[in-house]
Amino acid sequence: MRTGPVATYFQTASKRANFAYRDYVMVSQVVRNGSRVIGVRTNDTSLGPDGIVPLNTNGRVILSAGAFGTARILFQSGIGPMDMLTVVKQNAVAAANLPPDEEFIDLPVGMNISDNPGINVRILA
């Protein structure tokens, strides 16, 4: 049986006193200082200035937005193959929050990914 973050991370995280669940919040990027992640930018400005949720000193970020969504968040954070980061730079909205070019982290994010399509088959006899 396949499970995802709801059956794993969410179950343990939701029991913590410092955990808060928010509906309809979209993460657009991780905010970095060099290679260190210092926050997460969201579309919800009630969570912090410009929608940024800061991490505490020992904070961690777990991205689980699927094969394509996670890669998108990393690309918009300046992490990934240079050709994809160039594409992000051409999008005015996403480019506005990119770190400077010299802070880009060239990694093979998204290389050879594929979706796991669900196919329903109904056989009528």
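Contact is taken throughout to mean heavy atoms within 4.5 Å. Helices (H or I, at least four residues) and strands (E, at least two) are DSSP runs, numbered from the N terminus. The structure is a predicted model, in which local features need pLDDT of at least 70 and side-chain atom pairs count only at pLDDT 80 or more, while totals for chains, interfaces and linings use all residues. Residues are numbered from 1 along each chain as its sequence is written, and side-chain values use heavy atoms, with hydrogens and water left out.

The chain contains 4 helices and 3 strands, arranged from the N terminus in the order α-β-β-β-α-α-α. Along the principal axes, its C-alpha atoms fill a box of roughly 60 × 40 × 25 Å. The accessible surface, calculated by the Shrake-Rupley method with a 1.4 Å probe and, for residues, with only the protein chains shown counted as cover, amounts to about 9300 Å². Carbon and sulfur atoms contribute 55% of this surface. Of the 125 residues, 26% are buried, where buried means under 20% relative accessible area, exposed means over 50%, and partly exposed lies in between (1.4 Å probe, protein chains only). Among contacts with a separation of 6 or more, 40% join residues that are 24 or more positions apart.

In soluble globular proteins, nonpolar side chains tend to be buried together. A nonpolar core is defined here as a set of buried Ala, Val, Leu, Ile, Met, Phe, Trp, Tyr and Cys residues joined through side-chain atoms within 4.5 Å. The largest such core has 11 residues, namely Val30, Ala71, Leu74, Phe75, Ile79, Leu85, Val88, Ala94, Leu98, Phe104 and Val109. Helices α2 (66-75) and α3 each supply at least two residues of this core, and the largest share, 3 residues, comes from α2. One of the core members, Val109, is in contact with Ala71, Leu74, Phe75, Ile79, Gly80 and Pro81 when neighbours within four places in sequence are left aside. The buried residues of α2 are Gly69, Thr70, Ala71, Ile73, Leu74 and Phe75; their cover includes strand β1 (27-33) and helix α3.

Strand β2 (residues 36-42) includes Thr42, which counts as buried because its relative accessibility is 10%. Polar contacts are pairs of N or O atoms within 3.5 Å; within protein, one atom must be able to donate a hydrogen and the other to accept it, and residues adjacent in sequence count only if both atoms are side-chain atoms. The side chain of Thr42 reaches the backbone oxygen of Gly51 at 2.8 Å, and a polar atom of this side chain lies 3.1 Å from the backbone nitrogen of Asp44. Beyond four places in sequence, Thr42 touches Val25, Met26, Val27, Leu47, Asp50, Gly51 and Val53. Arg36 is likewise found in strand β2 but is partly exposed, with a relative accessible area of 46%. A polar atom of the Arg36 side chain lies 2.8 Å from the backbone oxygen of Thr57. With residues up to four places away in sequence not counted, Arg36 touches Val31 and Thr57.

Positive phi values occur in two loop residues that are not glycine. Asp50, in the loop between β2 and β3 (52-54), has a phi of about 55° and counts as exposed at 57% relative accessibility. Tyr24, in the loop between α1 and β1, has a phi near 60° and is exposed, with a relative accessible area of 79%.

A salt bridge requires a side-chain nitrogen of Lys or Arg within 4 Å of a carboxyl oxygen of Asp or Glu, and by this rule the count comes to 1. It is formed by the side chains of Asp101 and Lys89 (2.8 Å, N to O). The pair links distant parts of the chain, 12 residues apart, with Asp101 in the segment after α4 (92-95) and Lys89 in helix α3 (residues 82-89). Asp101 is partly exposed at 44% relative accessible area, and Lys89 is partly exposed at 38%.

Patches are made of residues with over 30% relative accessible area and no salt bridge, with like charges joined within 9 Å and nonpolar side chains (Val, Leu, Ile, Met, Phe, Trp, Tyr) within 5 Å. Val6, Phe10, Phe19 and Tyr21 form a nonpolar patch on the surface, with about 380 Å² of accessible area together. Within this patch, Phe10 belongs to helix α1 (residues 9-13) and is partly exposed, with a relative accessible area of 30%.
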